[in-house]
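Please look through the structure shown below. The paragraphs that follow lead through it step by step.

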Amino acid sequence: MPISVLMPKLSPTMAGADLARWHKKEGDPVKPGELIAEIETDKTTMEVEAVEGGRMGRILVEAGTPKVPINTVIAVILEEGEADLPAGWSPEEAPANVSFAGPAPDLAKPLPPMAGVAGPAPKAVAEDSRIMISPLAKRMAEQGGIDPSRVAGTGPHGRIVKSDIELALASGGHSAPAIRATAASAPTPEGGFIAIPNNGMRKVIARRLCESKQTVPHFYLTMSCRLDALLELRPKITAASGEKVSVNDAIIRAVALALVQVPAANASWTEEFVMQYKDADIAVAVATPGGLITPIIKAAQTKSLVQISREMKDLGLRARAGKLRPDEYQGGGFSISNLGMFGVEEFAAIINPPQACILAVGQGVRQPVVNEDGSIGAATIMKCTLSVDHRVVDGAVGAELLGAFKALIEDPLRLLI
């Protein structure tokens, strides 16, 4: 019986996706578990694998088709012995038998360098010397005046995908034309401007942040934490484990343990009740070429610093390459945004609904301090600002959480227990 291949639903809110590429042509043999297609959503590229074997009978949706609704029949696989589709056959008559999956990360292997746009980057070429680029990315490159040979692909086998072209456009690619404003109602600088299209991720971020700032009653709490003990401990952890643990890894662990101590802050608001989470699922903001994404360290309170470090490296790398699965960035009970590595000393972040808190972490700065005995000394101070949804967390609870976090950061041996 013919098997319908459906556009999979990758998340509860997903309505459709772009069909980026077919890896099989009509008539090609198909083995169970074999990659047959790739689809692109606002935030990631996912691979579609066949569950059943047979032969690719009919491709119903061409590569490069945007916004294909979920559960649309995109292709038909014929079982062994079937020469063609039966007369009068319709997709509704065949069972759907398809799954999507990506290769599991191997944390034991060294992480490859981050891919992206680079001036003299080597061309991504197939065996036939042609540039490997998805139809959607090719069309975007043509419309934006981008030379694909100057773009390093982050897709499978170096293929150039949509996010790579979006990065090239955002970076002002060498062949991207300047588009001058013509509308009298929109004055522009004398030199004109470059129109950078808003990708799907950027639109989602804009909508969610506006909703958060307009509907969530934010308030803010700031504490200063001494980092000296943690900075002294880091090289010892690295020497003992062989894993380079960052300050950010310690912050993730400290937040998770603080949420265990103050569970009332590990919650979300609904109109009917407050959801208090059992695990500390920590979402960590990562900047990508297409926009901000928050991969999640799940049940972080159960993981060691070394485990968190390995997992965060892998998630961060795949986030920048657009390779996260939806379950790896959707959800989470608490967020961390760390801009310290950019030299930012203090800031306040916008809450990511339905979460109730986000911790904004600044740079550790060496400065004079007054010690407990009244003497003057020097210490490395890191300012942290907690943004709180007042519907869920009151000021006293927020202060208790921030105090628990500060105690853990300043006594980092507790992070190793």
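A cavity is a set of grid points where a 1.4 Å probe fits but cannot get out, and its lining residues have an atom within 4 Å of such a point. The model examined here is predicted, and under this rule it holds two cavities of 30 Å³ or more. The second largest cavity encloses about 50 Å³ of space. Around it stand V255, A258, F334, L359, L386, L401, L402 and F405. What is the chemical character of this lining: nonpolar, polar or charged? Eight of the residues are nonpolar, while none is polar and none is charged. Two helices, α5 (247–261) and α7 (395–410), each contribute at least two residues to this lining. Helix α7 provides the largest share, namely three residues.

Attention may now turn to the cysteines. A disulfide is a covalent bond between the sulfur atoms of two cysteines. How many disulfides does a search of the whole structure find? The search finds zero. The case of C384 shows why no bond is assigned there: the closest cysteine sulfur, in C225, is 4.4 Å from the sulfur of C384, which is too far for a bond, since a disulfide requires the two sulfur atoms to be within 2.5 Å. C384 is also buried, with a relative accessible area of 0%. C210, by contrast, is partly exposed, with a relative accessible area of 43%.

A single residue, L169, offers a further view of the fold. This leucine belongs to helix α2, which spans residues 162–170. Is L169 buried or exposed? Its relative accessibility is 11%, and L169 therefore counts as buried, because the limit for a buried residue is under 20%. Apart from neighbours within four places in sequence, L169 is in contact with G144, I146, I196 and P197. L169 can also be compared in position with A195: the two are 26 residues apart in sequence, and their C-alpha atoms are 8.8 Å apart in space.

Finally, the confidence of the prediction should be considered. The average pLDDT of the protein is 81, and 81% of the residues score at least 70. Over residues 99–129, however, pLDDT stays under 50, and the model gives this stretch 47 contacts beyond four places in sequence. Residues 174–186 also have a pLDDT below 50, with 23 contacts in the model beyond near neighbours in sequence. Where pLDDT is low, the predicted coordinates should not be read in detail.

Methods. Residues numbered from 1 in each chain as written. Predicted model: local features only at pLDDT ≥ 70, side-chain atom pairs only at ≥ 80, totals over all residues. Heavy atoms only, no water. Buried < 20%, exposed > 50% of the residue type's maximum accessible area, 1.4 Å probe, protein only. pLDDT = per-residue confidence, 0-100. Contact = heavy atoms within 4.5 Å. 1 Å grid on protein atoms, 1.4 Å probe; cavity = no way out; pocket = protein on both sides within 12 Å on 5 of 7 lines; lining within 4 Å. Points joined across faces, edges and corners; volume = space filled by probe spheres on them. Helix = DSSP H or I, 4+ residues; strand = E, 2+ residues; numbered from the N terminus. Nonpolar A, V, L, I, M, F, W, Y, C, P; charged D, E, K, R; others polar.
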